Amino acid sequence: MPALFSDIALIFGRYARQTLRSKFQMLFGVLTPLLYLLFFGPLLADLPLGSRGDSWQVLVPGLLLQLGLFGATFSGFALIIEKQFGVVERMRVTPVSRLALLLGRVLRDALLFVFQSVLLVVAALLMGLRAPVGGILIGFAFVAALSAGLASLSYSLAMKVSKPHEFGPAVNAISLPSMLLSGLMLPMALAPTWLDVLSHFMPFRYLVDAVRAGYVGGYGTAAMLYGVLTAVGFLLVSVTVGTRVFKKAGA
């Protein structure tokens, strides 16, 4: 176990240094949610959204998870580039744990998206968001769990494909329906009955509902319980799948 933690720290440090050297990568990912916040948020100010809390307490949790959803699902692009340049092949001959090769990358991604989430929440607070500190911290925890799980699956897919043009369409086919059926932008309570029922088969909806509950102080609600259970289960399954793919691929 100490050797595993040491390997994870080694891999994490490598990719964290790469990220710190690229200020563009650190800040650009938050641009799209920030634009939604600036230009879409004011449109919701006086609309009945069928949810507890004001429009900012509805929109901001969705934007946080949108940041994790779209950012983490495309994490595998970097691995494809590394495969093409032989970086993965060189790592295969080292004694570093295969689990560490995955978790080191995933930990870097989770911390990156949490950092971007902090920037987004600060901007939202300046625009009028009011939420309890506990709810905001819970939101960051859900972003970390979602990012880690999706990044694990993204790296798994990247190990299976060899070209970026094969990876992109597959990711889009997953991420876009996930966004639409999770109620990221607007609560699914506004949707027709059939669409609301269909959205319950999308796990990410429960994460969105949980973060929105946290933003209005609903820590002991059923939505929070379902969200926590779904996030933990999704994270465990994703890391397990990712670990098996990395071990099988020898990378």
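## The lining of the largest cavity

Sorted by class, the residues around the largest cavity come out as six nonpolar, one polar and no charged. Keep in mind that this is a predicted model. Which residues are they? The largest cavity is lined by Leu65, Leu69, Leu146, Ser182, Leu184, Phe204 and Val208.

Two helices stand out in that list: helix 4 (55-73) and helix 11 (203-215) each supply at least two residues of the lining. As for the space itself, the largest cavity holds about 30 Å³. The count of cavities of 30 Å³ or more comes to one.

## Helix 4 against helix 9

Leu69 is worth a second look, since this lining residue of the largest cavity turns up again where helix 4 meets helix 9. On the helix 4 side, the contact uses Gln66, Leu69, Phe70 and Thr73, and across from them in helix 9 sit Phe167, Val171, Ser175, Ser178 and Met179. What classes do these residues fall into? The contact of helix 4 with helix 9 has five nonpolar, four polar and no charged residues.

Now for the geometry. Helix 9 covers residues 164-182, and its axis comes within 10 Å of the axis of helix 4, with the two crossing at roughly 165 degrees. That angle is why helix 4 counts as roughly antiparallel to helix 9. Their crossing is right-handed.

## Helix 8 against helix 9

Helix 9 also packs with helix 8, at an angle of about 145 degrees and with the axes 10 Å apart. Here too the crossing is right-handed.

Ser154, Leu157 and Ala158 of helix 8 meet Phe167, Ala170 and Val171 of helix 9. By class, that gives five nonpolar, one polar and no charged residues. You may recognise Phe167 and Val171: they face helix 8 here, and they are also among the helix 9 residues that meet helix 4.

## Helix 7 against helix 8

How far apart are the axes of helix 7 and helix 8? Helix 7 (residues 98-127) and helix 8 (residues 133-160) have axes 8 Å apart, and they pack at an angle of about 140 degrees. The pair is therefore described as oblique. This crossing is right-handed.

The list of contact residues goes like this: helix 7 brings Leu102, Arg105, Val106, Arg108, Asp109, Ala110, Phe113, Val114, Ser117, Val118 and Val121, while helix 8 brings Ile136, Phe140, Val143, Ala144, Ser147, Ala148, Ala151, Ser152 and Tyr155. Sorted by class, the contact of helix 7 with helix 8 has 14 nonpolar, three polar and three charged residues. The charged ones are Arg105, Arg108 and Asp109, and they belong to helix 7.

Methods. Residues are numbered from 1 along each chain as its sequence is written. This is a predicted model: local features need pLDDT of at least 70, side-chain atom pairs count only at pLDDT 80 or more; totals for chains, interfaces and linings use all residues. Side-chain values use heavy atoms; hydrogens and water are left out. Axes are lines fitted to C-alpha atoms, for helices over the stretch in contact, and angles run from 0 to 180 degrees between N-to-C directions. Helices (H or I, at least four residues) and strands (E, at least two) are DSSP runs, numbered from the N terminus. Angles under 35 degrees count as roughly parallel, over 145 as roughly antiparallel, 65 to 115 as roughly perpendicular and the rest as oblique. A crossing is left-handed if the near helix is turned anticlockwise from the far one by less than a right angle, and right-handed if clockwise. Contact means heavy atoms within 4.5 Å. On a 1 Å grid over the protein atoms alone, a cavity is a set of points where a 1.4 Å probe fits but cannot get out, and a pocket is an open set with protein on both sides within 12 Å along at least five of seven lines; lining residues have an atom within 4 Å of a point. Grid points are joined across faces, edges and corners, and a volume is the space filled by probe spheres set on the points.
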